[in-house]
Amino acid sequence: MLNQYYGDYFIVAVFIVMGAILVGAAVGMSKMIAPHAPGGLKDIAYESGIEPIAGGWNQSHIRYYIFALLFLIFDVEAVFIFPWAAQLGYFDSIGRGVFALVEMFIFIAILLLGLLFAIRKGVLKWE
Amino acid sequence: MSFLLELGIKVILMLAVVLTAALVTIYAELKAGSHMQTRIGPYYAGGKWGWAQPLADGAKFIQKEDLAPAKADRTVFGFAPYVVMMSTLAVFAVIPMGPDIVATNLDLGVYFILAISSLSVLGVLMAGWSSANKYSLIGGLRAAAQLIAYELPLVLAVVAVVVQAGTMSMNGIVEAQQATLFTIGGVEVALPYILSGQIIGFTIFMIAAVAELSRIPFDMPIAESELTMGYLTEYSGIRFTMFFLGEYASLVALSAIATTLYLGGYAVPFLPESMENFAGPGIFLIKVSFLVFLIIWIRWTWPRLREDQLQSMAWRWLIPLALFNIALISVFKVVL
């Protein structure tokens, strides 16, 4: 049983490694064929032909970080929902379906309130 | 058959299918785009209909110099395409093309797919940051914000499928769609999920999938008229090709996931189960190509959304709608 489990994930690992090998092989092949002559204007960052002012890592406004926070909350929520979703049929079969349903509705309602709060606070608005 | 031999055959077969499908999709995009917009498109390479155009492009790209800006963070810059390709190929490990034609049937199939496919956000962010280019940085940030915003409706739409099927295994979901729904005059009828309650979920999934692929109407991260090429601006030669190939492979991957979850995967109603290993891959690929064509069609027909419209669409409409969809499906599951 446990052997089967590790075997399954070993196959997944092989697929991931194959992705790396595929890119590695292509890059290696290209290295053998393609010319390599760095230097000159090629080394400058491409900014539509205008000479770049300052570096590419200037301070910039990361507007999206608040979205990242919201995402984190909802993604953790999804982790909680999945086991419930897979087992709802089982709960129903032992006569506890309505109980499981109400539990999850409370959970989702709290989250929706959070989203509503974020919207009312103007977090999702673009200034 | 020994485990390793079987594994080798599976990996090689799946790689062949995925790469061929990606190349065919690139060709289909060139051709469909040129027909929809009354342009000429590829017609020379390969002699007839320009069928060899993707191969010719690949052969050209492989000969090009692999440039990186002098100020770039070379390690991260070089590693970004690996991350994208690895996360894309791993998805195909659990996609079933027949009852037994699957690399591995994980119990957590769908969950695994959602987890591993969101890793490609990392590759995009790495590419955007390491290029030391303002276009790339803005493109990478936009892409990250967009990918995480549309990850949520995608995940929540899948939850509704898991509720209805009662399993997270991809094979299990396909089998659940073959369960008898009702009987008319002694004939048992089983319908794929798109026809038995998941039409809202399917719509949300497809919208979110197009956004996850950063394709028009959600292509702000690589908006040519604003950001040159977004996070891909500094990429050239073979590394650009890898991003490009990865993009089309994930287009195929998302269509394959949608096929499995909503269109009944390798099964069609009234096909006897003994035929499924034989006819399954063909049926599966026909359904996948239909969805691929749908996504291509959307790209060549619609204009681009604005960045704030994109965010508010995900957060204000799709996520509440997806939560409502979960509630609806779970109530049906308990009541019926």
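**Exercise 1.** Classify Trp49(B) as buried or exposed in this predicted model, then place the residue and describe its backbone.

*Solution.* Step 1: the relative accessibility of Trp49(B) is 57%. Step 2: the cut-off for exposed is over 50%, so Trp49(B) counts as exposed. Step 3: Trp49(B) sits in the loop between H1 and H2 of chain B. Step 4: its phi is positive, about 55°, although Trp49(B) is not a glycine.

**Exercise 2.** Do the corresponding analysis for Ser214(B): is this residue buried or exposed?

*Solution.* Step 1: Ser214(B) has a relative accessible area of 7%. Step 2: buried means under 20%, so Ser214(B) is buried. Step 3: the loop that holds Ser214(B) runs between helix H8 (199-212) and helix H9 (224-227) of chain B. Step 4: phi of Ser214(B) is near 50°, a positive value in a residue other than glycine.

**Exercise 3.** Describe the largest pocket: what is its volume, and which helix gives the most to its lining?

*Solution.* Step 1: the space in the largest pocket is about 870 Å³. Step 2: its lining has 40 residues, and those nearest the centre include Phe61(B) and Phe244(B). Step 3: H10(B) gives the most to this lining, nine residues. Step 4: by class, the lining has 26 nonpolar, five polar and nine charged residues.

**Exercise 4.** Describe the second largest pocket in the corresponding way.

*Solution.* Step 1: the volume of the second largest pocket is about 420 Å³. Step 2: 15 residues line the pocket, and Gln164(B) and Ser196(B) are among those nearest its centre. Step 3: helix H12 (residues 307-335) of chain B supplies the largest share of the lining, three residues. Step 4: the classes are eight nonpolar, six polar and one charged.

Notes
Residues numbered from 1 in each chain as written. Chains lettered and ligands numbered in written order. Predicted model: local features only at pLDDT ≥ 70, side-chain atom pairs only at ≥ 80, totals over all residues. Heavy atoms only, no water. 1 Å grid on protein atoms, 1.4 Å probe; cavity = no way out; pocket = protein on both sides within 12 Å on 5 of 7 lines; lining within 4 Å. Points joined across faces, edges and corners; volume = space filled by probe spheres on them. Helix = DSSP H or I, 4+ residues; strand = E, 2+ residues; numbered from the N terminus. Nonpolar A, V, L, I, M, F, W, Y, C, P; charged D, E, K, R; others polar. Buried < 20%, exposed > 50% of the residue type's maximum accessible area, 1.4 Å probe, protein only.
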